[in-house]
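Thanks for making the time, everyone. I would like to talk through the empty spaces in one model and the helices beside them, so please have the sequence and the structure open as we go.

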Amino acid sequence: MKKIVLILLLVASSVSYSQIITDTITSKSLKEKREILISLPESFDKNSKRTYPLLVLLDGDYLMQPFQGAISYGNFWDDLPEMIIVGISQNKNDERFDDCTVEKETGLPEGRGASFFEFIGGDVLPYMENKYGYAPFKVIAGHDLTAGFLNFFLYKDTPLFNGYISISPELPVGMEVNVPNRLSSMEKNVFYYLSVADGDVKKMKEATKVLNQNISEVKNDHLYYKFDEVPNSSHYSLVLHSIPKALYHFFSTYQPISTSEFQEKIVKLESGYVDYLRNKYELSEKTLGIKTPVRINDFRAIEAAIVKNKAMNEFEQLAQVANKYYPKTMLGEYYMARYYEATEDFKRAAKSYQNAFTMEPIGDLTKDMMLEKADELRRQIKK
């Protein structure tokens, strides 16, 4: 079993992402050249109109590979979207310490820290947008010192990022209060993930728990927050636990309908199964800026809920959704046939199955199946 999992991980990594590209940016803010690492999805060159969320990694020289692996694996199972990743090298000469310089009394970036802050927003983001382009959804992530520093982007009147992954942060003075205050005032959706190890550095652990307590008290419908205190972990092993937890939290609306979602949410509805499907994908587009065609398995899940709850009239609505996303396939006509069968309009049902026969197969729907169903209904009509 372990060998199978290892093989799948290797396949996912090789299929979903190309090799890591090493590049440099001439920074006006820092007045020097800085190394960056870039990972592009394998599909990047195949569709010029497609855009991808952007993930900015502080401490990119050691966070790049674990983030890349988690995203590759999640995308292999269609749980996570492909992303463009840019990591900032900060550890070859311990640059991270100067990069994260803050004024002790105010807790705000100063000197080199202020310049590095401007480097991210004024150099890195424009460079990535001009060279590769990206979707509106942007995430920034860091570990300990950089995990605290990334919170300064929340202090801006218009934050540059939609998502923040703060793994065992070292918090400058005042941040335990300032971050919750900013999160409470957000008028657009913001995703925030915070974690600490049970075996973490005591000072960091205590400060992070205070921050968590204060964020937990924030009342804001635009805030999507998750906190993890990971058992049996250290300050460093925490990273490998936190990355998938953060990503799966941020992209929960992107994920296909799971067995638990079907059983605990969808089947328990009294009606509105197709509305649930529409809302799921509209929420993903609204919160993440990702347009995804409704998955075939999600159609089948809603179909199963309709049949189980005998809400056969909803097949007409489901046909409309199918025709929107897969107009050349037989899916829409198939659901219209199911609708007509439920209303005992067998002639129209047979006609819809016949129409489906002339269209492209999709999923487990085949031409033979459509023809058999049409013939069966014709025989039933003659009786």
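Let me begin with a question: which helices each supply at least two residues of the lining of the second largest pocket? They are H9 and H10, and before I say anything further about them I should stress that what we are looking at is a predicted model.

The second largest pocket holds about 390 Å³ of space, and of the 15 residues that line this pocket, those nearest its centre are Ser252, Glu261, Lys265, Tyr276 and Lys280. Sorted by class, its lining comprises four nonpolar, six polar and five charged residues.

Now to the two helices themselves. H9 covers residues 259-266 and H10 covers residues 273-288, and they pack at an angle of about 130 degrees with their axes 12 Å apart, which means that H9 and H10 are oblique to each other. The crossing in which H9 passes H10 is right-handed. On the H9 side the contact is made by Glu261, Lys265 and Ile266, while H10 contributes Tyr273, Tyr276 and Lys280; by class, that contact has three nonpolar and three charged residues, and no polar ones. If you compare the two lists, Glu261, Lys265, Tyr276 and Lys280 take part in the helix contact and are also among the residues nearest the centre of the second largest pocket.

Let me turn to the largest pocket, whose volume is about 520 Å³. It is lined by 22 residues, and the closest to its centre are Pro159, Asn162, Glu187, Lys188 and Asn189. Strand E7, residues 190-199, and H10 are the elements that give two or more residues to this lining, and H10 accounts for the largest share, namely three residues. The lining of the largest pocket divides into nine nonpolar, seven polar and six charged residues.

Finally, the enclosed space. The structure holds one cavity of 30 Å³ or more, and about 40 Å³ of space lies in the largest cavity. Its lining is made up of Thr253, Tyr254, Gln255, Lys280, Tyr281, Ser284, Thr292 and Arg295, which by class gives two nonpolar, four polar and two charged residues.

I would close by pointing to Lys280, which lines the largest cavity, takes part in the contact between H9 and H10, and is listed among the residues nearest the centre of the second largest pocket.

Technical notes. Residues are numbered from 1 along each chain as its sequence is written. This is a predicted model: local features need pLDDT of at least 70, side-chain atom pairs count only at pLDDT 80 or more; totals for chains, interfaces and linings use all residues. Side-chain values use heavy atoms; hydrogens and water are left out. Axes are lines fitted to C-alpha atoms, for helices over the stretch in contact, and angles run from 0 to 180 degrees between N-to-C directions. Helices (H or I, at least four residues) and strands (E, at least two) are DSSP runs, numbered from the N terminus. Angles under 35 degrees count as roughly parallel, over 145 as roughly antiparallel, 65 to 115 as roughly perpendicular and the rest as oblique. A crossing is left-handed if the near helix is turned anticlockwise from the far one by less than a right angle, and right-handed if clockwise. Contact means heavy atoms within 4.5 Å. Ala, Val, Leu, Ile, Met, Phe, Trp, Tyr, Cys and Pro count as nonpolar, Asp, Glu, Lys and Arg as charged, and the others, Gly among them, as polar. On a 1 Å grid over the protein atoms alone, a cavity is a set of points where a 1.4 Å probe fits but cannot get out, and a pocket is an open set with protein on both sides within 12 Å along at least five of seven lines; lining residues have an atom within 4 Å of a point. Grid points are joined across faces, edges and corners, and a volume is the space filled by probe spheres set on the points.
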